[in-house]
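Work through the exercises below with the sequence and the 3D view open. Try each task before reading its solution.

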Amino acid sequence: MNSTHSATLDALRLRASDHMQNRQWAEAQSLLEQVLQQAPQDLASSIDLADALFRRGRLQASTQPLLQAIRRLPRNAPLILSLTQHLVARGEIVAARACLDLLALAPDPPAELLIAQASLRIASGERSVALALVEKALAAGANTPGDLHLHAMLLQFSGDIDKACAVLERCLLRWPHFGDAAMVLVNLRKQKPGSHRLGWLQEQLRQLPAPPGSPDESFVRAEFEYAAFKTLDDLGRHEEAWPALARCNALMHELNPYDATSEEAVADATIGMSVHGGRERESTAFEGPTPIFIVGMPRSGTTLLDRILSSHSKVTSAGEILDFWRQLHWAADVVPAKASGLLKIIGRHADIDYHQLGARYLKQTQWRAQGRDFYIDKLPANINLVSFIRRALPHAPILHMVREPMDTCFSNFKAMYGNISPYSYDLEALAHYHSQYERLVRHWHSAMPGAMLDVRYDELVREPAAVISQVLDHCGLAVEQACLNPERNAAPVATPSSAQVRESIHARGVGQWRHYAAQLEPLSRLLADQAAAVRN
């Protein structure tokens, strides 16, 4: 390339960068396309072009520069990492894994590169690979609170609870106000009278700013309040535990206000959507492994059901993956934007090519089956997408986990999800969110009879053999004894209940809310009013 040509390209890139900074996406797109016509190997410009198209609302078009760039990757690990992140965001998991496989060949990578790769492996569901990368990064000098927290989380997912606890203990010795570590540590085991950190937690709370002066300070304080609640709750000191939980959730509710209007708008639009018609072609049985979807309210027992099913010799778990949600956005050509994005998809539902949607989903997920005939997609929020799933993948079983409303809602209220799930931090918000969930469930059963099998948590834990037999039959699987002993399932599990589901099937989770019946009376009343409104 001569100097004049190089100078011309540099000038185009500079002008494109200015337009990107000024949010002039169309102008930036035009210039970047000119750059790539002359320098198709320019990965940075390919990524910028994808961003410009994405910002213009053209999700499908934004994928093309990224896929084309894979054919001529430079020896530049940070750029390849950026490319991988962009591919994951567009649901191109197979291509993203190929990039990560290439990065794995790099000799003596720095610790920060290994940590970044581990985070992306987690995003694609490869937690065992991620654990090995993190341990390699620690050996190479990774040493931040976040690095140790990530290590502990991956150890927890793999079932090595003792080692995870040891990592978090070391972390808190060095960074005593690192709330992430405190919160995970109390969740790893039930706290007992002879072995807990309640006094230490209360001392940290005394040292933290009160009232908090920033969102970050509020979040840390909420984490320590949660850790104190979990400890007191485990110790049976419920009168002391509730105020700590209430303080935690008041802080989190202020940081993450619940948008009842948007939730109701999505439910209304979903219920008003036709469940037939559109561009779907006649579907035939697909080749390769079959996905099994588990849906429902969070904390309704979906992880337990996942562990039971994945104990079967023909089934593995893919975990809580976002693949269907990502492919749905791609098929509708809608940039993800929370409720407004889903409303746009619903508005375009009749124009979606459901055959293409199902094919894309399978292409990006069937590798997760690891040689088995079935793989589980356990994302509770897919309850919102049952119609789309059924039309795109009519042969995929959908299992709907049902749990008693007070148990479900209280389990959410005490979960501390971080800066997601804003419905879970306020009792009125919880009741409203649950009512929208129940509206959708009633709609699916009415408009699409047989679209999903209800699996009742109370029956599952009290009569596991009968319920498991019914579930397996629905999925086309023979009964296996291993499904009755999910505690022997050694596969990683990455959910807030990962420690609990390594126990044998039990009914101890039924009715736990009754320890706080007086404090939860407003929630009980709201749920009862909603149930009465449905009956009438």
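The exercises cover helix packing, cysteines, buried helix residues and backbone geometry.

The model is predicted, so local features need pLDDT of at least 70 and side-chain atom pairs count only at pLDDT 80 or more, while totals for chains, interfaces and linings use all residues. Residues are numbered from 1 along each chain as its sequence is written, and side-chain values use heavy atoms, with hydrogens and water left out.

**Exercise 1. Describe how helix 11 packs on helix 13.**

Step 1. Recall the two descriptors: the angle between the axes and the distance between the axes. Axes are lines fitted to C-alpha atoms, for helices over the stretch in contact, and angles run from 0 to 180 degrees between N-to-C directions. Helices are DSSP runs (H or I, at least four residues), numbered from the N terminus.

Step 2. Read off the values. Helix 11 spans residues 179-188 and helix 13 spans residues 215-234. Their axes come within 8 Å and cross at roughly 15°.

Step 3. Classify the angle. Helix 11 is therefore roughly parallel to helix 13. The classes are: under 35 degrees roughly parallel, over 145 roughly antiparallel, 65 to 115 roughly perpendicular, the rest oblique.

Step 4. Give the hand. The crossing of helix 11 and helix 13 is left-handed, meaning that the near helix is turned anticlockwise from the far one by less than a right angle.

Step 5. List the contact (heavy atoms within 4.5 Å). Helix 11 brings Gly179, Asp180, Ala182, Met183, Val186 and Asn187. Helix 13 brings Phe219, Glu223, Phe224, Tyr226, Ala227, Lys230, Thr231 and Asp234.

Step 6. Sort by class. The contact of helix 11 with helix 13 has seven nonpolar, three polar and four charged residues. Here Ala, Val, Leu, Ile, Met, Phe, Trp, Tyr, Cys and Pro count as nonpolar, Asp, Glu, Lys and Arg as charged, and the others, Gly among them, as polar.

**Exercise 2. Do the same for helix 3 and helix 4.**

Step 1. Helix 3 covers residues 43-55 and helix 4 covers residues 59-69. The axes come within 7 Å and cross at roughly 170°.

Step 2. The two helices are therefore roughly antiparallel to each other.

Step 3. On helix 3, the contact uses Leu43, Ser46, Ile47, Leu49, Ala50, Leu53 and Phe54. On helix 4, it uses Leu59, Ala61, Ser62, Pro65, Leu66 and Ala69.

Step 4. The residues of this contact divide into eleven nonpolar, two polar and no charged.

**Exercise 3. Why do cysteine 165 and cysteine 248 form no disulfide?**

Step 1. Start with the search. The whole structure has zero disulfides; a disulfide is a pair of cysteine sulfur atoms within 2.5 Å.

Step 2. Take cysteine 165. The closest cysteine sulfur belongs to cysteine 171 and is 13 Å away, too far for a bond. Cysteine 165 is buried, at 10% relative accessibility. Buried means under 20% relative accessible area, exposed over 50%, partly exposed in between (1.4 Å probe, protein chains only).

Step 3. Take cysteine 248. Its closest cysteine sulfur, in cysteine 409, is 17 Å away, too far for a bond. Cysteine 248 is buried too, at 0%.

**Exercise 4. Find the surroundings of three residues: alanine 164, histidine 432 and glutamine 436.**

Step 1. Alanine 164 sits in helix 10 (residues 161-174) and is buried, at 0% relative accessibility. Beyond neighbours within four places in sequence, alanine 164 contacts Ala152, Leu155, Gln156 and Leu188. Leucine 154 is ten residues from alanine 164 in sequence and 8.1 Å away, C-alpha to C-alpha.

Step 2. Histidine 432 lies in helix 22 and is buried, at 16%. With the same neighbours left aside, histidine 432 touches Tyr258, Ala260, Glu263, Glu264 and Gln530.

Step 3. Glutamine 436 is also in helix 22 (residues 427-447) and is buried, at 7%. Outside four places in sequence, glutamine 436 contacts Glu263, Glu264 and Ala267.

**Exercise 5. Locate the unusual backbone geometry.**

Step 1. Know the background: most residues other than glycine have a negative phi, and most peptide bonds are trans.

Step 2. A cis peptide bond joins alanine 210 and proline 211, with omega about 0°. Proline 211 is in the loop between helix 12 (198-207) and helix 13.

Step 3. Aspartate 333 has a positive phi, near 55°. Aspartate 333 lies in the loop between helix 17 (323-332) and helix 18 (338-347) and is partly exposed, at 24%.

Step 4. Methionine 416 has a positive phi of about 55°. Its loop runs between helix 21 (405-413) and helix 22. Methionine 416 is buried, at 6%.
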